[in-house]
Amino acid sequence: MKLICLSDNPSKPCFVLFFKGVKIMLDCGLDIKQILHYIPLLVVPGFQVSKAHTWSQGGDKRNRVPDDAAQELKECGGRLLVDGNPEFSIPETGIVDLSTLDAILISSYSCMLALPYITEYTGFKGTIYMTEPTFYIGRLYMEELVKYVERNPKSSIASHWKQENIIKNLPAPLRDAVRPRQWRKLYTLHDINSSLSKVQLVGFSEKLDIFGALTVSPASSGCCIGSCNWIINSKYEKICYIAGTSTLTTHPRPMDQSPLKNADVLIVSCLTQTPLSLPDPMIGEFCLNAAVTVKNGGNVLVPCYASGVTFDLFECLSGHLDQCGLAGVPMYFLSPVSDSTLAYSNIFAEWLSAGKQSKVFLPECPFPHADLLSKGRLKNFSSIHTGLSTDFVTPCILFAGHPSLRMGDIVHFIELWGNSPSNTIIFTEPDFPHLDALAPFLPIAMRVCYCPIDTSLNFSQANKLIRDLRPLHLVVSESYTHPPVLEPLRNDLTVDFDPSPLTYKQGEILSLPVKRQYEAVEMEPELANTLEPVEVKPGTAIAMITAALVAKDNKYVLKLLPNLHDVPKKRRADGSLLWRKPYIFGTPNLQEIVDSLKQNGFTSLRVEENDSGSIIHLVKEDSLIQIDNNSTHIICQGEEIRLRLKEVMLKCLKQL
């Protein structure tokens, strides 16, 4: 069994598992963090970012960058950025022939954004398995990305700067870009539709057969709507894959731990990206900062995704504003897919927590944002060009994408509100370093708050969960086995497991310590009727069998031979027919052997016992019988004596 990691970000995982001749991909996350090296895509031209100037090189002339590469780079906010169509860091595609993948298992909508790169450009012919909410919300996430990029396109793709001899002469952080030559432009809507046409929807605890070799089953992970962990079973082995898991009480269905227990191998990814920040205090700080800002007449800007924690923020923030007497402050939600995400959240009731489900039967909408929309306190728009200007009141709280601040309507509002210290921008998504995201807009006057909300397992929760699940072997990211860089002495911020966990990193082939020892074989009823079991000890009977072993679709079946008359028959030396060869079994008993020898005329015996066994010395016949734990040896000279001793020993054993 082998595991290959294709992603360098454990929070955006992508693995390939080789087991029993089957190749299974576990998630295919897209690392969007590299987009921070690009100039933001403007919604309205003419602001600060569009005034970025061409890089003026200095220093040693021998290290100067060629003009064609320098034209692709711009200085903006004191940082060197790429001026071109944004590209994305996709999973490694050169290690495994992805066209031979049999199946892809998706754990959540945040771990599937690289799916079109895998299915549309590699010759993939397998099947993708995911839950229904993951399918629909994941589609919206991908469509949102495409719309952000396509509605504000750049004229060209910058590629000259990626040459190795040029990158090493660039200033940081662009010099430290991860594998820029493997970055790819974003897929299209056609790619999304074609990729998702290969999806088979599954429900929690549903068992799916993979070519007869394995069964896979999803179990709720409690992280977001429809998110799951995967259990991969053969007849005698069990592998569990945990990604994007939460033990907190939020809107998704709670985590189901029982199917994950006692696995041979437990693969863990997507632990918290903010180990020093707990979600509940961060939500409280978010609400407090937002309320203080609007109370003082300022506007609040929240970079966010179109789903997930955003729904919880609507609920918590509206309740806090009510308590502060600010119920009249409007909230706006801008996303090309805002209508769809708000609608889907209310129709996936069976995938929600018990508290949310109970509201459906009252009947009420499970989420408060439906009530907020009906009362006009929350208003959603697909972009700033679709009615927002005619129905926009300040002070307000604006949720908009994209959290990277490199595309989407958020870019326009940062430049619109950034010069006023009364306004506040609050970062809640942990996927992007907020200072790097803000870099193109510096200097900025608006207040900046960082309240990262990551509901994924922290290290304390992960260690407790692993102890409860009791796997034989644990596989985690190498980064989870040592403390964060900023807290080198915090050993509590690591995964603790005995024996030491196996670790993975991008491009590494990991041999998992699971060896196949048994295979299940079925027997046809007709063949079973021909068996004649022989009792070898109380409660245990065995039978010899002659049959045809048929292997098909990774299943093994013993079938009755077509015609027993065609089976060659063995004969004894005297010509008599030997229907079956007797099988000898059993453990020789020393006293029984001695008694049998005496009954057959061997009277001069001397028995010696040692640590490894016993020796019977036949003095008159000058022969030895050596008996140890694993074997019996007869040492004699004459053939007549050897045959007599053989008959004695056979009488002391059982025959089948």
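What volume does the largest cavity have? In this predicted model, the largest cavity has a volume of about 520 Å³, and the tour begins there.

**Stop 1: the largest cavity**

Select Ser110, Cys223, Glu429, Asp454 and Ser456, which lie nearest the centre of the largest cavity. They belong to a lining of 29 residues. By class, that lining comprises 13 nonpolar, 11 polar and five charged residues. In total, five cavities of 30 Å³ or more are counted.

**Stop 2: the second largest cavity**

Next, select Asn9, Lys12, Leu30, Asp31, Ile32, Lys33, Gln273, Tyr305, Asp431 and Phe432, the residues that line the second largest cavity. Its volume is about 60 Å³. The lining of this second largest cavity consists of four nonpolar, two polar and four charged residues. Keep Lys33 and Gln273 of this lining displayed for the next stop.

**Stop 3: the largest pocket**

Add Pro430, Pro433 and Val485 to the selection: together with Lys33 and Gln273, they lie nearest the centre of the largest pocket. Lys33 and Gln273 therefore appear in the linings of both the second largest cavity and the largest pocket. The largest pocket has a volume of about 1,300 Å³ and a lining of 38 residues. Of the residues in that lining, 21 are nonpolar, 10 polar and seven charged.

**Stop 4: helices 8 and 10**

Turn now to helix 8, residues 338-347, and helix 10, residues 368-375. Their axes come within 9 Å and cross at roughly 130°, so the two helices, helix 8 and helix 10, are oblique to each other. The crossing of helix 8 with helix 10 is left-handed. To display the contact, select Leu342, Ser345 and Asn346 in helix 8, together with His369, Ala370 and Leu373 in helix 10. This contact has three nonpolar and three polar residues, with no charged residues.

**Stop 5: helices 15 and 16**

Finally, select helix 15, residues 590-599, and helix 16, residues 639-651. The axes of helix 15 and helix 16 come within 9 Å, and the crossing angle is roughly 135°. Helix 15 and helix 16 are therefore oblique to each other, and their crossing is right-handed. On the helix 15 side, the contact is made by Glu592, Ile593, Ser596 and Leu597; on the helix 16 side, by Leu645, Val648, Met649 and Lys651. Colouring these residues by class shows five nonpolar, one polar and two charged.

How values were computed:
Residues numbered from 1 in each chain as written. Predicted model: local features only at pLDDT ≥ 70, side-chain atom pairs only at ≥ 80, totals over all residues. Heavy atoms only, no water. Axes fitted to C-alpha atoms, helices over the stretch in contact; angles between N-to-C directions. Helix = DSSP H or I, 4+ residues; strand = E, 2+ residues; numbered from the N terminus. Parallel < 35°, antiparallel > 145°, perpendicular 65-115°, else oblique. Left-handed = near helix turned anticlockwise from the far one by under 90°. Contact = heavy atoms within 4.5 Å. Nonpolar A, V, L, I, M, F, W, Y, C, P; charged D, E, K, R; others polar. 1 Å grid on protein atoms, 1.4 Å probe; cavity = no way out; pocket = protein on both sides within 12 Å on 5 of 7 lines; lining within 4 Å. Points joined across faces, edges and corners; volume = space filled by probe spheres on them.
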